[in-house]
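Reader: Before any term is applied to this model, I should like to see it set against its definition.

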Amino acid sequence: MKVLVVEDDVQIARQLETALKASGYVVEMAHDGEEGLYKGQNESFDAVILDLGLPKIDGLTILQQWRAEQRNMPVIILTARDTWREKVSGLRAGADDYIAKPFETEEVLARVEALIRRTSGHASAILSCGPVQLDTTNNRVTCNNEPVEMTALELGMLSYLMHHQGDVISKTTLTEHIYEQDFDRDSNVIEVLVNRLRKKLGNTLIKTHRGLGYQLVEPSSD
Amino acid sequence: MIRNSLTFRLFVTSVVWVSLTLVIVAILLTIMFQQHVEEHFDAFLFDHLEENVAAGRIGENGQFFMSWIPVDLRFNQPLSGWYWQVNKGRTVIATSSSLGNDLLTFQLPESEKDREIQRILGPDNEKLRIALVNVPLDNSGQRYTFAIAGSVSIIELDVEDFTTDLGITLIVLGIGLVSVILLQIRFGLKPLRLLKDALQDVRSGKRQRLPDDFPVEVQPTVRELNAVMDHSEALLERARTQVGDLAHALKNPLSVIKNEANQIQGERGAILVEKADAMGNYVERYLSRARAAGSGNIVSASVHIKPIADDISYLMKHVYKDRSIDIEFSSLNNLYFKGDAQDLEEMLGNLMDNACKWAGSKVKVSASNKNLRLVLVVEDDGTGIAEQDRATVLKRGQRLDETVPGSGLGLGIVLDLATLYQGSLTLEQSSMGGLRAVLELPAADNNL
C-alpha cells in the first residue's frame with residue numbers, strides 16, 4: 001500500500017513517515033503544495049494524507065485540482081484551523097476524511113487503514129480469502145487460524161492483493177504500490193515475492209495470468 | 001398606524017394644523033359674512049328710514065303726521081318682525097300697524113342727525129335690529145326720532161345657511177388636504193422604507209451592503225452603516241485569520257511533541273503526553289472562543305439554519321460512513337439564528353458530531369422558534385450520559401470515554417459559544433434512548 005504524505009512541517013512529516021512505514025506502508029513525501037500536487041497527478045496512491053495549510057499551493061486547491069483531473073484516490077485532510085467550515089469545504093472539495101491537529105499518529109494510521117479498506121469495498125477490518133486472514137488494524141496474518149510471519153514486502157503485497165481480491169493486478173501496479181518510487185522496475189522481485197507468499201499460504205491462493213498479472217482467488221473448497 | 005413612527009408624527013401634526021387653519025378660516029369667513037349681511041340689512045333699514053323721514057310732517061297745529069304710510073306689507077301684518085315707530089322725545093307719536101299695541105323701546109340717540117343701529121328686544125322678546133335717526137322737523141327744538149326695526153332671524157338664517165355650506169366645503173377641503181398630506185408622507189418617507197427593506201435584505205443575506213443611491217439626508221447614515229459593517233467584518237476576519245495562524249503555529253509543534261512523547265517509555269513520557277494534551281485543550285478552547293463573533297447585534301447577522309445543518313450532515317455522513325447513521329431533520333426550514341454563521345457551524349457541528357459519535361444508528365435534529373428564542377435540539381439513540389455525569393462533560397476538556405477519539409471539548413465549546421449569545425445548553429435524556437442536547441439561542445425575525 002502506497003501513501004502520499006503532503007505536509008510542510010518537517011517533524012510532523014517525519015513522524016507520519018516513520019509510523020506509516022512501521023505499519024508496512026510505502027510512503028512518498030511532499031513538503032510543499034507544488035510537489036504534492038505533482039506527485040498526486042503523476043503517481044498512483046492508495047491513500048493521501050494532505051495538510052491544508054501548505055506553502056505555494058494550499059491543500060484545498062490541490063484537492064480540487066486532483067478531483068477535476070479524475071484523480072480519485074482516497075484523501076485524508078489534516079486541519080490545524082479546525083473550523084467546521086474548513087472541514088465541510090474540505091469534504092465538499094472531495095476529501096474522504098479529516099483529522100484535526102494536534103493528532104496522534106495511531107489515529108492517523110487507523111484512519112488510513114479504514115479509508116483504504118472502505119475504498120476497496122471492505123466493511124470489516126479483517127480481510128479474508130479462503131483460509132488466509134489479514135487483520136488490517138495490526139497487520140497480523142493467519143492461515144487456517146495459525147499465525148504466519150511475514151516480511152514487510154510480503155505483507156505489503158498480500159495486503160494489496162487482499163484489498164483488491166478478484167482483480168487481475170499487473171506487475172507494474174504491484175511494484176508501484178509496494179516499492180518506493182526509485183525502484184528498478186525490471187527486476188524479478190515480484191515473482192520472488194509471489195513465490196514466497198505461495199510457499200507460506202498455499203499454492204492455489206495467487207493465480208498467475210500470463211502477460212497480465214496476478215489475481216488473488218479463494219481456493220475452491222475441495 | 002404605529003404610534004412611534006415618523007408617519008404618525010407627520011400625520012398628526014398635519015391633521016392638527018390643517019384643522020386649526022380650517023377652523024380659523026371658518027370663523028373669519030363667518031364673521032365677515034355676518035358683517036356683510038348686516039350691512040346689507042342695515043342699508044335696507046336706512047332706505048325705509050329715509051322714506052319714513054320723508055313722510056313725516058308737522059301740521060299747522062304743530063301736530064305730527066305721516067303724509068303717507070309705507071306700503072311694504074310687512075309693516076302692516078301684525079308681529080311680522082318688521083316695525084317702524086316715531087318718537088317725539090320720549091313720547092311715541094306714531095307706530096306701524098304691525099306693532100299693534102306694543103311699542104319699541106330703545107335708547108334715544110344722543111347726537112343730532114346721526115344715524116345709528118341698535119340691537120333690541122321687540123314684541124315676544126324677538127331679537128330686532130333697529131335703525132334710528134334724529135330729525136328736527138320743526139323749530140321747537142324737540143327731537144323727532146324715527147326708528148325702523150327688522151327681525152334678525154333673517155340674518156341668522158342666512159348666516160346659518162352660509163356656515164352649513166362653508167362647513168361642508170371646508171370639511172371636503174380638509175379631507176382633500178389630509179389625503180394629499182398622506183400621499184406626501186408616503187412619497188417623502190419612501191427612501192426610509194427602502195432603507196428598511198435594504199437592511200432586511202442585508203440581514204437575510206440577499207445583499208452584502210446597503211445601496212448608495214439614497215437621498216442626501218439619508219445617505220450619510222447609510223454610508224456610516226456600511227462602514228460599520230465593513231469594519232466589524234474586517235475585525236472579525238482579521239481576528240479569525242490570526243486565530244487560524246496561531247492555531248496552525250501551535251498545533252503543529254503540539255502534534256510533534258505528543259508523538260515524540262508517545263515514544264518515551266514510562267512515566268516521563270506519560271507526563272509529557274498529558275501536558276501536551278492539556279496544552280492542546282487550552283489552545284482549542286481559547287481559540288474557539290477567540291474565533292467566535294459571539295454577537296447577534298451586527299447588522300448582517302441572520303443565518304438560515306437549514307443550509308448549515310445540511311453541510312454538517314454531509315460531513316457527518318462522510319466521516320461516519322462505516323456506521324451508516326441516519327440523520328433526520330425536522331422543521332429546520334425558515335428558522336434563522338441571530339448571530340454569526342461560523343459560530344452556528346461550530347455549535348451545530350460539535351453537537352451533531354457528538355451525537356453521531358455516540359448514536360446507535362439515528363440522530364435527530366429539530367428546531368423551533370418561540371418568542372424570538374431559537375431552540376435547537378440534537379438527540380441520538382445511543383447510550384446517553386448519566387445524569388450525574390452531564391455537568392462534567394460541559395466542563396473544560398472533560399471526557400467520559402477516553403477510547404473514542406476527540407478532544408472532549410465539543411460540548412464545552414458549544415456551551416461557551418451559547419453563553420456568548422446569552423443562550424444555554426442543556427443535556428437531557430432523549431426519548432430515543434441517548435443524549436438530548438437542547439441549545440437555546442437568539443432567533444432572528446426575518447420580517448424585521
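The exchange below takes up the chain, its interface and one helix.

Author: This is a predicted model, in which local features need pLDDT of at least 70 and side-chain atom pairs count only at pLDDT 80 or more, while totals for chains, interfaces and linings use all residues. Residues are numbered from 1 along each chain as its sequence is written, and chains are lettered from A and ligands numbered from 1 in the order in which they are written.

Reader: What makes a run in chain A a helix or a strand, and how many of each are there?

Author: Helices (H or I, at least four residues) and strands (E, at least two) are DSSP runs, numbered from the N terminus. Chain A has 8 helices and 12 strands.

Reader: How many residues of chain A are in contact with chain B?

Author: Two residues are in contact if their C-beta atoms, placed from the backbone, lie within 7 Å. By that criterion, 24 residues of chain A are in contact with 26 residues of chain B. H4(A) gives the most to this side of chain A, with 5 residues.

Reader: Which residues of helix H2 of chain A are called buried?

Author: A residue is buried if 20 or more other C-beta atoms lie within 10 Å of its own. In H2 (residues 33-42), A:Gly33, A:Gly36, A:Leu37 and A:Gly40 are the buried residues.

Reader: Why are the buried residues of H2(A) said to line one face?

Author: Seen down the helix axis, they fall within an arc of 100 degrees, so they line one face of H2(A); the arc is that of the directions from the helix axis to the C-beta atoms. These buried residues pack against strands E1, E2 and E3 and helix H3 of chain A.

Definitions and conventions: A residue is buried if 20 or more other C-beta atoms lie within 10 Å of its own, exposed if 12 or fewer, and partly exposed in between; C-beta atoms are placed from the backbone.
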